[in-house]
Amino acid sequence: MNAKKKILSILMCASIILLSACSGNESDGNVTNVNSSTTTTTQALDNEIDYSSMADIGEVDEANEDGTGPAYVKGQLAGEVHALCYYDIGKQEKETAEIFAEHFGGTLTTEIAGWNDWWDKLGTYIATGDSPDLVRYDWIAFPCYASKNTYTPLDDWLDMDADLWKDIKSVIQSFDYAGKHFYFPSDVMPGFTITYNRASVLEAGLKDPMELYKENNWNWNTFKELAAQWVDKDPDNNEGLRGNKWMGLMFTNTTGVKMLDVTGTDIVNNLRNENVERAMNFLSDMRKQGLIGDGYVDPGAAFADGSLLFLAMESEWTFESAQQGLFNNGLEGEIVTIPMPKDPNSDKYYIAADTFGYLVPAGSPNVQGGVDWILSSRLYESDPETRAADFEYKTAPGPAYYDLCPECRHDYTAGDNTLTVCPECDTPRREKFKAVYSKEQYDLIDEMLHSDKFELVFDNAMGVDGGVTDIMTATDEALIDGVTYHDVSYTTMLNSKYEAIEAFIQPYRDAMAKAAQS
């Protein structure tokens, strides 16, 4: 798995502190802290790459500039690009950094800001004319920060009809803000899935959910039946379902409806939609029947004691973290992740989707350099050779090792990279944890993204305003969390909070209407 995907998967899980311009103090921006010990070890024992020497090219080959628009200057080197992020982009995304250097003559430096202040820094830099050239996409970027003139429109810089982008053109269009497009994602993936330990399911004599999926019988009803059967086996200890604060959104999206939908000209509040209410009532009933536990659990520990059946959470990060949890604890098992169960009333699987990519801040002194990084990231993700290598790496059983000896820093990659003991000091090579995907698992994830059986849903519920997020999640009185993890009525909760949510949304509608007229 490439480092970019690892960062993406990890970063989806917690919250960041936002600028007061987006109202509420906190919002889930698809980010969390990277495990510092893992990151430090990786950086200490993996090779550093000299990108500056790679970037010493004479000109940009025109073949690398496919997918660009009329504002893009052909043949111009990217030069030095300054990024602002909560991790070192170049170190974590080595493959993209190599393409950026070798194809566009660019080097990237990242100013790393902590979780509590990087949005503040971005706002300050833009206001003082000292903008960076690149920032990472997060959920709150659209429409909240798009409405604050935070980003550079890329419609004249990139051509969504070009071959490079046409496969995700509809995704780009879903981020329409008043007729402008600030975000051209590098990659699209399932946002939330159901993860379980197949060994525990089979040992309990339950039907394997993967088989239910293959039989086209994986839906809310069969999902609930399995949870009930599991809890009945040990009511004092077993839990049917745990998740995070977006549980209601996950199930709502399986109906094909977004809680909040940014259309480009309006923000549609669907919280009173009958399908939203039906999904929330389904979860409320599961909670009342004792099938849902008390909220968030670390996926690395979720299946350690064998009491949990299902974990509804971010797909890739949860799958790999759960595998690592078994590995770290010396436990047997087979972690599997499958789509959210289908709404019985739907004709197909509607699943919450997520994206990975970058935006160019307003006022960037090197817009084209930022665009070149976006091009590099997309070139990497869409390259058939990359996809083939990704399949080979993910399905290989391992083991995987760091590049350097932990004792004398012998570089294995400069010689026999198959050695497991250092030829210079006899120190055993340090092994990395490696998540392994069965072909069955890999093909299913691919099917979720490239099959007519599925339709991806990009919900804007957590992207409008921090105040909306505060009302929806995080406490027992929150609209989503209260229904999912506490015995309260969705209708009652919504009636008490609907107007407050509307009050947060309306200024964004007004800003969008104003932007459309300019």
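Visitor: Which does Cys422 count as, buried or exposed?
Guide: This is a predicted model, where local features need pLDDT of at least 70, side-chain atom pairs count only at pLDDT 80 or more, and totals for chains, interfaces and linings use all residues. Residues are numbered from 1 along each chain as its sequence is written, and side-chain values use heavy atoms, leaving out hydrogens and water. Buried means under 20% relative accessible area, exposed over 50%, and partly exposed in between (1.4 Å probe, protein chains only). With a relative accessibility of 1%, Cys422 counts as buried.

Visitor: Why is Cys422 not in a disulfide with Cys408?
Guide: A disulfide is a pair of cysteine sulfur atoms within 2.5 Å. The sulfur of Cys408 is the closest cysteine sulfur to that of Cys422, but it is too far for a bond, at 3.5 Å.

Visitor: And how many disulfides are there by this rule?
Guide: Cys425 also misses out, because its sulfur is 3.6 Å from the closest cysteine sulfur, in Cys405. By this rule, the number of disulfides is 0.

Visitor: Which residues touch the most other members of the largest nonpolar core?
Guide: A nonpolar core is a set of buried Ala, Val, Leu, Ile, Met, Phe, Trp, Tyr and Cys residues joined through side-chain atoms within 4.5 Å. The largest such core has 128 residues, and those touching the most other members are Trp218 and Phe251.

Visitor: What does Phe251 touch?
Guide: Contact means heavy atoms within 4.5 Å. Leaving aside residues up to four places away in sequence, Phe251 touches Trp220, Phe223, Ala279, Phe282, Leu283, Met340 and Pro341.
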